[in-house]
Amino acid sequence: MLRRFTQVDVFASGPYTGNPLAVVVDGEGLSTEEMRRFARWTNLSETTFLLPPATPEADYRVRIFTVEAELPFAGHPTLGSCHAWLESGGRPRTEGRVVQECGAGLVRIAATDAGLAFQAPPLIRSGPVEEEFLDRIVASLGITRDDVVAAEWADNGPGWVGLLLKDAEQVLALRPETVPHDVGVVGPYPVGSPVAFEVRAFFPAQGSMVEDPVTGSLNASLAQWLLRTGRAEAPYLAAQGTVIGRTGRVRVSADDEGEVWVGGDVRTCVSGQVEL
């Protein structure tokens, strides 16, 4: 069966500079195994499938797959899926506000002339990282505890541990070969720079390590941590993907209620049909 398909670039600052996402717009009727197989074949960090919502509050439902597993929530698939849904003719129940249903529940997305932004989901784990576990992470990154300004669990679904280093230069200098867990590292640029922070995301994969180009879920959880502790002020712009040849840009803001929003540009790169 031919189904509408699109591939988008999320958090891009120019053509093909962000994090790609494959979206099957017509996902209804596919089995979980069929979704897994196609996600493995695309070999992208995530592939999503759009479905009718199961709850009346939502505009659409999405299932998110990596090449290895299904995720309850992820940031760049949220923005990319919303972009594909709107581009394919989706009309939100409330103008300017899309409600996405996913494994983690309902996620609000603002759709404005400035682009798309999702409301950061609440952390399911926060607080100090166990000392022995933190020592293993620090060693895997090739740094010392003296290089770490602060560390916390910053888990909104994928399981992130967040590390704050002294500056962006230290973040860019990291060359890990493996990590014991999903790790997000952030460091500030000098005051007055166009970008406030450099972010990198590492996670273990099949005995080695993968660096994600631009990571919405990580930037959301880091923003909640940094803003709560006074280490950042909203709005700010974060860079990610620099070391691996991307120029991702993530916009972080906060509304009057203190809710954190994470946004970025989304561009359609491929559109057509896929036989599934």
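The legends below describe close-up views of a predicted model, centred on strand S4 and helix H3.

**View 1. Strand S4 in its surroundings.** In this predicted model, strand S4 spans residues 60–65, and because five of its six residues are buried, the strand is largely enclosed by the rest of the structure. Burial here stands for a relative accessible area under 20%.

**View 2. Pairing of S4 with strands S3 and S6.** Strand S3 (residues 47–51) runs antiparallel to S4 and is joined to it by five bridges, with leucine 50 standing opposite valine 62 of S4. Strand S6 (residues 97–102) instead runs parallel to S4, the two being connected by two bridges, and in this pairing arginine 61 stands opposite glutamate 101 of S6.

**View 3. The hairpin between S4 and S5.** Four residues make up the hairpin connection that leads from S4 to S5. Strand S5 (residues 70–71) is antiparallel to S4 and shares two bridges with it, and phenylalanine 65 is found opposite glutamate 70 of S5.

**View 4. The buried and exposed sides of helix H3.** In helix H3 (residues 131–141), the buried residues are Phe133, Leu134, Ile137, Val138, Ser140 and Leu141. These residues cover an arc of only 160° around the axis, which means that they lie on the same side of H3. The face turned away from that buried side carries Glu132 and Ala139, both exposed.

**View 5. The cover over H3 and the residue after the helix.** The buried residues of H3 are covered by elements including strands S10 (148–155), S11 (161–165), S12 (183–188) and S13 (197–205). Glycine 142 follows H3 and has a positive phi, near 75°.

Terms used: Residues are numbered from 1 along each chain as its sequence is written. This is a predicted model: local features need pLDDT of at least 70, side-chain atom pairs count only at pLDDT 80 or more; totals for chains, interfaces and linings use all residues. Side-chain values use heavy atoms; hydrogens and water are left out. Buried means under 20% relative accessible area, exposed over 50%, partly exposed in between (1.4 Å probe, protein chains only). Two strands pair if DSSP finds at least two bridges between them. The arc is that of the directions from the helix axis to the C-beta atoms. Contact means heavy atoms within 4.5 Å.
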